[in-house]
Amino acid sequence: MRGGPGEAERRQRWGRLFEELDSNKDGRVDIRELRQGLARLGGGDPDRGAQQEREQRLLLLFHSLDRNQDGQIDVSEIQQSFRALGISISLEQAEKILHSMDRDGTMTIDWQEWRDHFLLHSLENVEDVLYFWKHSTVLDIGECLTVPDEFSEQEKLTGMWWKQLVAGAVAGAVSRTGTAPLDRLKVFMQVHASKTNRLNILGGLWSMIQEGGVRSLWRGNGINVLKIAPESAIKFMAYEQIKRAIRGQQETLHVQERFVAGSLAGATAQTIIYPMEVLKTRLTLRRTGQYKGLLDCAWQILEREGPRAFYRGYLPNVLGIIPYAGIDLAVYETLKNQWLQQYSYDSADPGILVLLACGTISSTCGQIASYPLALVRTRMQAQASIEGAPQLSMLGLLRHILSQEGVRGLYRGIAPNFMKVIPAVSISYVVYENMKQALGVTSSCLRHRIQCPQAVLDPRSPALDWQILDPLLQVLDLQAQPLDSGSQETSATVS
(Lines give C-alpha, C1' and ligand atoms only; values in the text may rest on other atoms or scores of the structure.)
Protein backbone atom coordinates (compact mmCIF):
# COMPACT_ATOMS: atom_id res chain seq x y z
CA MET A 1 0.00 0.00 0.00
CA ARG A 2 1.35 3.40 -0.97
CA GLY A 3 2.89 5.28 1.96
CA GLY A 4 2.81 2.18 4.20
CA PRO A 5 5.62 0.81 6.40
CA GLY A 6 7.13 -1.11 3.49
CA GLU A 7 7.41 2.02 1.40
CA ALA A 8 9.02 3.96 4.25
CA GLU A 9 11.55 1.18 4.81
CA ARG A 10 12.45 1.11 1.12
CA ARG A 11 12.91 4.88 1.13
CA GLN A 12 15.25 4.59 4.10
CA ARG A 13 17.31 1.87 2.39
CA TRP A 14 17.56 3.92 -0.80
CA GLY A 15 18.50 6.97 1.25
CA ARG A 16 21.30 5.10 3.03
CA LEU A 17 22.56 3.72 -0.29
CA PHE A 18 22.53 7.19 -1.83
CA GLU A 19 24.46 8.64 1.12
CA GLU A 20 27.00 5.84 0.86
CA LEU A 21 27.49 6.45 -2.86
CA ASP A 22 27.59 10.25 -2.47
CA SER A 23 31.12 10.29 -1.06
CA ASN A 24 31.69 14.04 -1.44
CA LYS A 25 28.26 14.90 0.04
CA ASP A 26 27.25 17.30 -2.71
CA GLY A 27 23.78 15.82 -3.10
CA ARG A 28 24.63 14.13 -6.42
CA VAL A 29 26.08 10.77 -7.42
CA ASP A 30 28.39 11.16 -10.40
CA ILE A 31 29.97 8.46 -12.53
CA ARG A 32 33.14 8.29 -10.43
CA GLU A 33 31.23 7.87 -7.17
CA LEU A 34 28.97 5.25 -8.73
CA ARG A 35 31.91 3.20 -9.96
CA GLN A 36 33.69 3.43 -6.62
CA GLY A 37 30.52 2.53 -4.75
CA LEU A 38 29.84 -0.50 -6.91
CA ALA A 39 33.41 -1.65 -6.41
CA ARG A 40 33.05 -1.31 -2.60
CA LEU A 41 29.77 -3.22 -2.69
CA GLY A 42 31.45 -6.11 -4.50
CA GLY A 43 30.51 -5.31 -8.05
CA GLY A 44 34.15 -5.13 -9.07
CA ASP A 45 35.58 -2.81 -11.68
CA PRO A 46 37.89 -4.36 -14.28
CA ASP A 47 38.54 -0.97 -15.86
CA ARG A 48 39.22 0.82 -12.60
CA GLY A 49 42.93 1.34 -13.26
CA ALA A 50 42.32 2.74 -16.74
CA GLN A 51 39.49 4.90 -15.39
CA GLN A 52 41.68 6.36 -12.65
CA GLU A 53 44.46 7.04 -15.13
CA ARG A 54 41.99 8.76 -17.42
CA GLU A 55 40.65 10.92 -14.59
CA GLN A 56 44.21 11.92 -13.67
CA ARG A 57 44.84 13.02 -17.24
CA LEU A 58 41.59 14.97 -17.30
CA LEU A 59 42.58 16.63 -14.00
CA LEU A 60 45.95 17.69 -15.44
CA LEU A 61 44.21 19.15 -18.48
CA PHE A 62 41.74 20.96 -16.23
CA HIS A 63 44.53 22.53 -14.17
CA SER A 64 46.35 23.54 -17.35
CA LEU A 65 43.33 25.56 -18.44
CA ASP A 66 42.63 26.87 -14.93
CA ARG A 67 45.34 29.49 -15.17
CA ASN A 68 44.58 31.31 -11.89
CA GLN A 69 44.10 27.99 -10.05
CA ASP A 70 40.76 28.98 -8.50
CA GLY A 71 39.15 25.65 -9.32
CA GLN A 72 37.06 27.05 -12.18
CA ILE A 73 37.60 27.78 -15.85
CA ASP A 74 36.06 31.01 -17.10
CA VAL A 75 35.78 32.77 -20.45
CA SER A 76 39.00 34.77 -20.12
CA GLU A 77 41.05 31.66 -19.27
CA ILE A 78 39.78 29.89 -22.36
CA GLN A 79 40.69 32.90 -24.51
CA GLN A 80 44.16 33.08 -22.91
CA SER A 81 44.83 29.40 -23.52
CA PHE A 82 43.85 29.70 -27.17
CA ARG A 83 45.96 32.84 -27.52
CA ALA A 84 48.98 30.97 -26.15
CA LEU A 85 48.65 28.62 -29.14
CA GLY A 86 48.36 31.52 -31.58
CA ILE A 87 44.59 31.08 -32.06
CA SER A 88 42.45 34.16 -31.54
CA ILE A 89 38.82 33.48 -30.58
CA SER A 90 36.08 35.96 -29.80
CA LEU A 91 34.21 36.31 -26.52
CA GLU A 92 31.18 34.75 -28.16
CA GLN A 93 33.19 31.70 -29.23
CA ALA A 94 34.65 31.27 -25.73
CA GLU A 95 31.14 31.45 -24.28
CA LYS A 96 30.05 28.78 -26.75
CA ILE A 97 32.68 26.44 -25.34
CA LEU A 98 31.53 27.15 -21.79
CA HIS A 99 27.89 26.53 -22.68
CA SER A 100 28.81 23.09 -24.01
CA MET A 101 29.92 21.97 -20.52
CA ASP A 102 28.26 24.40 -18.09
CA ARG A 103 25.34 22.58 -16.46
CA ASP A 104 24.61 24.92 -13.53
CA GLY A 105 24.44 28.16 -15.51
CA THR A 106 27.33 29.89 -13.70
CA MET A 107 29.27 30.52 -16.93
CA THR A 108 32.26 28.74 -15.39
CA ILE A 109 33.38 25.13 -15.58
CA ASP A 110 34.34 23.39 -12.35
CA TRP A 111 36.17 20.10 -12.08
CA GLN A 112 33.00 18.03 -11.81
CA GLU A 113 31.47 19.55 -14.95
CA TRP A 114 34.74 19.07 -16.85
CA ARG A 115 35.16 15.47 -15.73
CA ASP A 116 31.53 14.46 -16.22
CA HIS A 117 31.46 15.97 -19.71
CA PHE A 118 34.37 13.88 -20.95
CA LEU A 119 33.57 10.72 -18.97
CA LEU A 120 29.86 10.55 -19.72
CA HIS A 121 29.95 11.72 -23.34
CA SER A 122 31.73 8.67 -24.65
CA LEU A 123 32.42 7.05 -27.98
CA GLU A 124 28.82 6.20 -28.88
CA ASN A 125 28.08 9.69 -30.18
CA VAL A 126 31.29 9.82 -32.18
CA GLU A 127 30.43 6.46 -33.73
CA ASP A 128 27.05 7.90 -34.64
CA VAL A 129 28.75 10.59 -36.69
CA LEU A 130 31.03 8.06 -38.39
CA TYR A 131 28.16 5.63 -38.93
CA PHE A 132 25.67 8.03 -40.48
CA TRP A 133 28.03 10.29 -42.40
CA LYS A 134 29.74 7.69 -44.57
CA HIS A 135 30.51 9.33 -47.90
CA SER A 136 32.74 7.60 -50.40
CA THR A 137 31.72 4.11 -49.26
CA VAL A 138 28.03 4.94 -49.73
CA LEU A 139 27.83 7.35 -52.63
CA ASP A 140 29.37 6.02 -55.86
CA ILE A 141 29.29 8.28 -58.91
CA GLY A 142 31.79 6.31 -60.96
CA GLU A 143 34.85 8.33 -59.93
CA CYS A 144 37.82 6.71 -58.21
CA LEU A 145 39.37 9.73 -56.54
CA THR A 146 37.47 10.10 -53.26
CA VAL A 147 39.13 9.87 -49.85
CA PRO A 148 38.28 6.59 -48.05
CA ASP A 149 35.96 6.69 -45.06
CA GLU A 150 36.97 6.15 -41.47
CA PHE A 151 35.83 3.01 -39.67
CA SER A 152 35.36 3.10 -35.91
CA GLU A 153 37.21 0.73 -33.61
CA GLN A 154 33.91 -1.01 -32.91
CA GLU A 155 33.39 -1.67 -36.62
CA LYS A 156 36.90 -3.08 -36.96
CA LEU A 157 36.61 -5.34 -33.92
CA THR A 158 33.23 -6.75 -34.95
CA GLY A 159 34.20 -7.20 -38.61
CA MET A 160 31.52 -4.77 -39.77
CA TRP A 161 34.06 -2.86 -41.86
CA TRP A 162 34.41 -5.54 -44.54
CA LYS A 163 30.63 -5.96 -44.75
CA GLN A 164 30.30 -2.23 -45.34
CA LEU A 165 32.98 -2.41 -48.03
CA VAL A 166 31.12 -5.28 -49.69
CA ALA A 167 27.85 -3.35 -49.47
CA GLY A 168 29.58 -0.32 -50.97
CA ALA A 169 31.05 -2.39 -53.82
CA VAL A 170 27.65 -3.88 -54.69
CA ALA A 171 26.04 -0.45 -54.49
CA GLY A 172 28.73 0.95 -56.79
CA ALA A 173 28.24 -1.89 -59.28
CA VAL A 174 24.48 -1.33 -59.48
CA SER A 175 24.89 2.45 -59.61
CA ARG A 176 27.48 2.36 -62.40
CA THR A 177 25.41 -0.11 -64.39
CA GLY A 178 22.34 2.10 -64.07
CA THR A 179 24.18 5.20 -65.27
CA ALA A 180 26.50 3.47 -67.80
CA PRO A 181 24.89 5.08 -70.90
CA LEU A 182 25.62 8.56 -69.52
CA ASP A 183 29.14 7.50 -68.58
CA ARG A 184 29.80 6.18 -72.09
CA LEU A 185 28.36 9.36 -73.57
CA LYS A 186 30.71 11.41 -71.40
CA VAL A 187 33.78 9.49 -72.61
CA PHE A 188 32.51 9.65 -76.22
CA MET A 189 32.15 13.44 -76.03
CA GLN A 190 35.49 13.88 -74.24
CA VAL A 191 37.30 12.17 -77.12
CA HIS A 192 35.25 13.04 -80.23
CA ALA A 193 33.52 16.37 -79.50
CA SER A 194 35.18 19.49 -80.90
CA LYS A 195 34.37 22.85 -82.49
CA THR A 196 33.76 21.15 -85.83
CA ASN A 197 31.94 18.16 -84.32
CA ARG A 198 29.48 19.66 -81.88
CA LEU A 199 28.05 16.52 -80.30
CA ASN A 200 25.08 17.09 -78.04
CA ILE A 201 23.54 14.66 -75.57
CA LEU A 202 20.72 13.36 -77.74
CA GLY A 203 22.88 13.29 -80.86
CA GLY A 204 25.61 11.38 -79.09
CA LEU A 205 23.21 8.77 -77.68
CA TRP A 206 21.53 8.35 -81.07
CA SER A 207 24.82 7.91 -82.93
CA MET A 208 25.93 5.21 -80.47
CA ILE A 209 22.61 3.37 -80.84
CA GLN A 210 22.81 3.59 -84.63
CA GLU A 211 26.34 2.17 -84.63
CA GLY A 212 25.84 -0.72 -82.22
CA GLY A 213 22.25 -0.89 -80.99
CA VAL A 214 20.87 -0.19 -77.53
CA ARG A 215 23.25 -2.70 -75.91
CA SER A 216 26.18 -0.62 -77.11
CA LEU A 217 25.27 2.02 -74.49
CA TRP A 218 26.73 -0.33 -71.86
CA ARG A 219 30.11 -0.87 -73.55
CA GLY A 220 32.93 -0.72 -71.02
CA ASN A 221 30.59 -1.17 -68.07
CA GLY A 222 31.80 -4.70 -67.33
CA ILE A 223 35.36 -3.70 -66.49
CA ASN A 224 34.12 -0.49 -64.84
CA VAL A 225 32.25 -2.70 -62.37
CA LEU A 226 35.03 -5.29 -62.19
CA LYS A 227 37.61 -2.79 -60.95
CA ILE A 228 35.52 -1.60 -57.97
CA ALA A 229 36.46 -4.46 -55.63
CA PRO A 230 40.26 -4.50 -56.10
CA GLU A 231 40.47 -0.71 -56.02
CA SER A 232 38.39 -0.45 -52.83
CA ALA A 233 40.42 -3.15 -51.11
CA ILE A 234 43.79 -1.67 -52.09
CA LYS A 235 42.72 1.85 -51.17
CA PHE A 236 41.39 0.73 -47.76
CA MET A 237 44.53 -1.23 -46.87
CA ALA A 238 46.83 1.56 -48.05
CA TYR A 239 44.79 4.15 -46.16
CA GLU A 240 45.00 2.21 -42.91
CA GLN A 241 48.78 1.83 -43.21
CA ILE A 242 49.35 5.48 -44.14
CA LYS A 243 47.00 6.62 -41.38
CA ARG A 244 49.01 4.70 -38.78
CA ALA A 245 52.22 6.22 -40.11
CA ILE A 246 50.76 9.72 -39.76
CA ARG A 247 49.04 9.41 -36.40
CA GLY A 248 50.06 6.09 -34.88
CA GLN A 249 47.09 4.01 -33.73
CA GLN A 250 44.70 6.94 -33.31
CA GLU A 251 41.30 6.13 -34.73
CA THR A 252 40.42 9.29 -36.63
CA LEU A 253 42.34 12.07 -38.36
CA HIS A 254 41.97 15.78 -38.89
CA VAL A 255 40.53 16.76 -42.26
CA GLN A 256 43.96 17.82 -43.54
CA GLU A 257 45.49 14.52 -42.45
CA ARG A 258 42.64 12.55 -44.00
CA PHE A 259 43.25 14.38 -47.27
CA VAL A 260 46.97 13.53 -47.26
CA ALA A 261 46.40 9.90 -46.27
CA GLY A 262 43.47 9.51 -48.67
CA SER A 263 45.33 11.06 -51.59
CA LEU A 264 48.33 8.78 -51.05
CA ALA A 265 46.05 5.76 -50.71
CA GLY A 266 44.21 6.75 -53.88
CA ALA A 267 47.48 7.17 -55.77
CA THR A 268 48.58 3.72 -54.58
CA ALA A 269 45.35 2.09 -55.72
CA GLN A 270 45.37 3.92 -59.06
CA THR A 271 48.96 2.87 -59.74
CA ILE A 272 48.07 -0.79 -59.30
CA ILE A 273 44.74 -0.90 -61.14
CA TYR A 274 45.43 1.76 -63.78
CA PRO A 275 45.72 -0.72 -66.71
CA MET A 276 42.04 -1.52 -66.03
CA GLU A 277 41.25 2.20 -66.46
CA VAL A 278 42.91 2.18 -69.89
CA LEU A 279 41.02 -0.97 -70.87
CA LYS A 280 37.77 0.60 -69.71
CA THR A 281 38.30 3.63 -71.95
CA ARG A 282 39.24 1.52 -74.97
CA LEU A 283 36.26 -0.83 -74.50
CA THR A 284 33.92 2.13 -73.99
CA LEU A 285 35.02 3.71 -77.29
CA ARG A 286 35.27 0.48 -79.32
CA ARG A 287 33.42 0.01 -82.58
CA THR A 288 31.22 -2.99 -83.19
CA GLY A 289 33.44 -6.06 -83.74
CA GLN A 290 36.69 -4.26 -82.90
CA TYR A 291 37.46 -6.48 -79.90
CA LYS A 292 36.18 -9.95 -79.03
CA GLY A 293 36.30 -9.14 -75.33
CA LEU A 294 38.41 -7.87 -72.45
CA LEU A 295 41.36 -10.23 -72.97
CA ASP A 296 41.41 -9.62 -76.71
CA CYS A 297 41.47 -5.87 -76.12
CA ALA A 298 44.38 -6.22 -73.68
CA TRP A 299 46.29 -8.45 -76.08
CA GLN A 300 45.85 -6.09 -79.04
CA ILE A 301 47.05 -3.10 -76.99
CA LEU A 302 50.08 -5.05 -75.77
CA GLU A 303 50.92 -6.34 -79.26
CA ARG A 304 50.52 -3.03 -81.12
CA GLU A 305 51.56 -0.41 -78.54
CA GLY A 306 53.62 -2.24 -75.92
CA PRO A 307 53.32 -2.36 -72.10
CA ARG A 308 53.68 1.41 -71.69
CA ALA A 309 50.28 1.89 -73.35
CA PHE A 310 48.61 0.57 -70.20
CA TYR A 311 49.79 3.68 -68.34
CA ARG A 312 48.87 6.35 -70.89
CA GLY A 313 47.30 9.27 -69.05
CA TYR A 314 48.58 8.09 -65.67
CA LEU A 315 50.10 11.47 -64.71
CA PRO A 316 46.96 13.62 -65.20
CA ASN A 317 44.93 10.89 -63.51
CA VAL A 318 47.08 10.94 -60.36
CA LEU A 319 47.29 14.73 -60.38
CA GLY A 320 43.49 14.82 -60.59
CA ILE A 321 43.25 13.15 -57.19
CA ILE A 322 44.45 16.33 -55.47
CA PRO A 323 41.74 18.79 -56.61
CA TYR A 324 38.97 16.19 -56.64
CA ALA A 325 39.66 14.60 -53.25
CA GLY A 326 40.58 17.89 -51.60
CA ILE A 327 37.51 19.82 -52.68
CA ASP A 328 35.13 16.87 -52.31
CA LEU A 329 36.33 16.23 -48.76
CA ALA A 330 36.45 19.91 -47.77
CA VAL A 331 32.95 20.66 -49.05
CA TYR A 332 31.47 17.50 -47.52
CA GLU A 333 33.09 18.15 -44.11
CA THR A 334 31.96 21.79 -44.18
CA LEU A 335 28.37 20.84 -44.97
CA LYS A 336 28.46 18.06 -42.36
CA ASN A 337 29.79 20.34 -39.62
CA GLN A 338 27.24 23.02 -40.48
CA TRP A 339 24.43 20.54 -40.10
CA LEU A 340 25.83 19.06 -36.87
CA GLN A 341 26.20 22.48 -35.27
CA GLN A 342 22.80 23.79 -36.26
CA TYR A 343 20.48 20.77 -36.23
CA SER A 344 22.03 17.84 -34.29
CA TYR A 345 20.18 18.52 -31.05
CA ASP A 346 19.52 14.90 -30.13
CA SER A 347 20.92 12.74 -32.95
CA ALA A 348 23.74 12.59 -35.45
CA ASP A 349 21.37 11.16 -38.07
CA PRO A 350 20.80 13.85 -40.74
CA GLY A 351 18.31 11.82 -42.75
CA ILE A 352 18.55 10.55 -46.32
CA LEU A 353 17.85 13.83 -48.09
CA VAL A 354 20.56 15.75 -46.22
CA LEU A 355 23.14 13.02 -46.88
CA LEU A 356 22.27 12.84 -50.55
CA ALA A 357 22.38 16.61 -50.89
CA CYS A 358 25.77 16.89 -49.16
CA GLY A 359 27.22 14.05 -51.21
CA THR A 360 25.88 15.39 -54.48
CA ILE A 361 27.13 18.94 -53.88
CA SER A 362 30.60 17.87 -52.71
CA SER A 363 31.07 15.39 -55.56
CA THR A 364 29.93 17.94 -58.13
CA CYS A 365 32.36 20.55 -56.79
CA GLY A 366 35.18 17.99 -56.92
CA GLN A 367 34.34 17.09 -60.51
CA ILE A 368 34.31 20.71 -61.67
CA ALA A 369 37.80 21.22 -60.23
CA SER A 370 39.36 18.05 -61.63
CA TYR A 371 37.46 17.67 -64.91
CA PRO A 372 40.10 19.19 -67.24
CA LEU A 373 42.65 16.64 -65.97
CA ALA A 374 40.10 13.84 -66.38
CA LEU A 375 39.48 14.91 -69.99
CA VAL A 376 43.21 15.00 -70.76
CA ARG A 377 43.61 11.55 -69.17
CA THR A 378 40.83 10.07 -71.30
CA ARG A 379 42.18 11.54 -74.53
CA MET A 380 45.68 10.25 -73.77
CA GLN A 381 44.24 6.79 -73.08
CA ALA A 382 42.39 6.85 -76.40
CA GLN A 383 45.01 8.57 -78.62
CA ALA A 384 46.54 5.47 -80.18
CA SER A 385 43.14 3.99 -81.04
CA ILE A 386 42.07 7.04 -83.09
CA GLU A 387 43.40 7.22 -86.62
CA GLY A 388 45.34 10.40 -87.34
CA ALA A 389 45.24 11.60 -83.71
CA PRO A 390 48.49 13.26 -82.57
CA GLN A 391 50.39 11.40 -79.83
CA LEU A 392 50.86 14.22 -77.35
CA SER A 393 52.08 14.50 -73.77
CA MET A 394 49.90 15.90 -71.00
CA LEU A 395 51.16 19.48 -71.41
CA GLY A 396 51.15 19.20 -75.17
CA LEU A 397 47.56 17.99 -75.17
CA LEU A 398 46.51 20.79 -72.81
CA ARG A 399 48.08 23.39 -75.10
CA HIS A 400 46.48 21.76 -78.15
CA ILE A 401 43.00 21.80 -76.60
CA LEU A 402 43.31 25.40 -75.41
CA SER A 403 44.59 26.63 -78.79
CA GLN A 404 42.02 24.72 -80.86
CA GLU A 405 38.94 24.78 -78.63
CA GLY A 406 39.55 27.31 -75.85
CA VAL A 407 38.78 26.79 -72.17
CA ARG A 408 35.38 25.30 -73.04
CA GLY A 409 37.24 22.46 -74.73
CA LEU A 410 38.52 21.31 -71.32
CA TYR A 411 34.93 20.67 -70.24
CA ARG A 412 33.65 18.58 -73.16
CA GLY A 413 31.24 15.95 -71.86
CA ILE A 414 30.68 17.53 -68.46
CA ALA A 415 26.91 17.83 -69.04
CA PRO A 416 26.23 14.05 -69.09
CA ASN A 417 28.69 13.74 -66.23
CA PHE A 418 26.54 16.09 -64.14
CA MET A 419 23.36 14.34 -65.28
CA LYS A 420 24.51 11.03 -63.85
CA VAL A 421 25.43 12.37 -60.38
CA ILE A 422 21.95 12.49 -58.81
CA PRO A 423 20.76 9.08 -60.11
CA ALA A 424 24.13 7.51 -59.28
CA VAL A 425 24.10 8.86 -55.72
CA SER A 426 20.46 7.88 -55.19
CA ILE A 427 20.87 4.35 -56.58
CA SER A 428 24.06 3.66 -54.64
CA TYR A 429 22.54 4.88 -51.37
CA VAL A 430 19.39 2.76 -51.69
CA VAL A 431 21.34 -0.36 -52.68
CA TYR A 432 23.90 0.25 -49.92
CA GLU A 433 21.22 0.44 -47.24
CA ASN A 434 19.53 -2.74 -48.49
CA MET A 435 22.85 -4.58 -48.71
CA LYS A 436 23.69 -3.59 -45.14
CA GLN A 437 20.42 -5.11 -43.97
CA ALA A 438 21.04 -8.26 -45.99
CA LEU A 439 24.56 -8.61 -44.52
CA GLY A 440 23.37 -7.85 -40.98
CA VAL A 441 25.36 -4.63 -40.59
CA THR A 442 24.39 -2.95 -37.31
CA SER A 443 25.91 -0.30 -35.10
CA SER A 444 26.06 -0.59 -31.33
CA CYS A 445 25.96 3.18 -31.09
CA LEU A 446 22.42 3.13 -32.49
CA ARG A 447 21.28 0.98 -29.60
CA HIS A 448 23.06 2.95 -26.89
CA ARG A 449 22.92 6.54 -28.10
CA ILE A 450 23.48 9.23 -25.50
CA GLN A 451 21.38 12.28 -26.32
CA CYS A 452 24.02 14.98 -26.16
CA PRO A 453 24.40 17.60 -28.89
CA GLN A 454 27.84 18.73 -27.77
CA ALA A 455 29.20 15.19 -27.87
CA VAL A 456 27.80 14.83 -31.36
CA LEU A 457 29.63 17.97 -32.40
CA ASP A 458 32.98 16.47 -31.49
CA PRO A 459 33.99 14.24 -34.45
CA ARG A 460 36.59 12.50 -32.32
CA SER A 461 36.28 10.73 -29.02
CA PRO A 462 37.31 12.33 -25.72
CA ALA A 463 37.63 8.77 -24.48
CA LEU A 464 40.77 8.58 -26.59
CA ASP A 465 42.48 11.24 -24.48
CA TRP A 466 42.38 14.12 -26.95
CA GLN A 467 44.48 17.01 -25.79
CA ILE A 468 43.64 20.18 -23.94
CA LEU A 469 42.16 22.36 -26.63
CA ASP A 470 41.27 19.79 -29.25
CA PRO A 471 37.75 18.99 -27.93
CA LEU A 472 37.15 22.70 -27.48
CA LEU A 473 38.27 23.42 -31.03
CA GLN A 474 35.67 20.98 -32.28
CA VAL A 475 32.90 22.88 -30.48
CA LEU A 476 33.89 25.93 -32.54
CA ASP A 477 34.52 23.87 -35.70
CA LEU A 478 38.10 25.22 -35.83
CA GLN A 479 40.84 23.18 -37.47
CA ALA A 480 44.21 23.07 -35.74
CA GLN A 481 46.96 20.51 -35.42
CA PRO A 482 46.51 18.67 -32.10
CA LEU A 483 49.28 18.74 -29.54
CA ASP A 484 51.12 15.58 -28.67
CA SER A 485 49.02 13.94 -25.98
CA GLY A 486 50.75 13.73 -22.65
CA SER A 487 53.95 15.34 -23.87
CA GLN A 488 55.97 17.84 -21.88
CA GLU A 489 55.58 20.28 -24.77
CA THR A 490 51.81 20.25 -24.28
CA SER A 491 52.08 21.22 -20.62
CA ALA A 492 54.63 23.94 -21.38
CA THR A 493 52.52 25.40 -24.14
CA VAL A 494 49.39 25.99 -22.10
CA SER A 495 50.73 26.40 -18.59
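Reader: Where is Met 107 found?
Author: This is a predicted model, and in it Met 107 sits in the loop that links helix 5 (91-101) to strand 2 (109-110). Its phi is near 60°, a positive value in a residue other than glycine.

Reader: Why is Met 107 called partly exposed?
Author: Buried needs under 20% relative accessible area and exposed needs over 50%. Met 107 has 25%, so it counts as partly exposed.

Reader: Which loop holds Gln 69, and what is its phi?
Author: Gln 69 lies between helix 3 (48-65) and strand 1 (72-73). Phi of Gln 69 is near 55°, a positive value in a residue other than glycine.

Reader: What makes helix 13 oblique to helix 14?
Author: Look at the axes of helix 13 (residues 228-247) and helix 14 (residues 255-285): they come within 8 Å and cross at roughly 140°. Roughly antiparallel would take an angle over 145, and roughly perpendicular runs from 65 to 115. The crossing fits neither, so helix 13 is oblique to helix 14. The residues of this contact divide into 13 nonpolar, four polar and five charged.

Reader: How do you know that helix 17 isn't straight?
Author: A straight helix of 31 residues would span 45 Å, but helix 17 (residues 352-382) spans only 39 Å between its end C-alpha atoms. There's a bend of about 55° at Ser 370, with a proline, Pro 372, following within four residues.

Reader: And why is helix 17 called largely enclosed?
Author: Because 22 of its 31 residues are buried, helix 17 is largely enclosed by the rest of the structure.

Definitions and conventions
Residues numbered from 1 in each chain as written. Predicted model: local features only at pLDDT ≥ 70, side-chain atom pairs only at ≥ 80, totals over all residues. Heavy atoms only, no water. Helix = DSSP H or I, 4+ residues; strand = E, 2+ residues; numbered from the N terminus. Expected span 1.5 Å × (residues − 1). Bend = angle between axes of the 7 residues up to and from the residue. Buried < 20%, exposed > 50% of the residue type's maximum accessible area, 1.4 Å probe, protein only. Axes fitted to C-alpha atoms, helices over the stretch in contact; angles between N-to-C directions. Parallel < 35°, antiparallel > 145°, perpendicular 65-115°, else oblique. Nonpolar A, V, L, I, M, F, W, Y, C, P; charged D, E, K, R; others polar.
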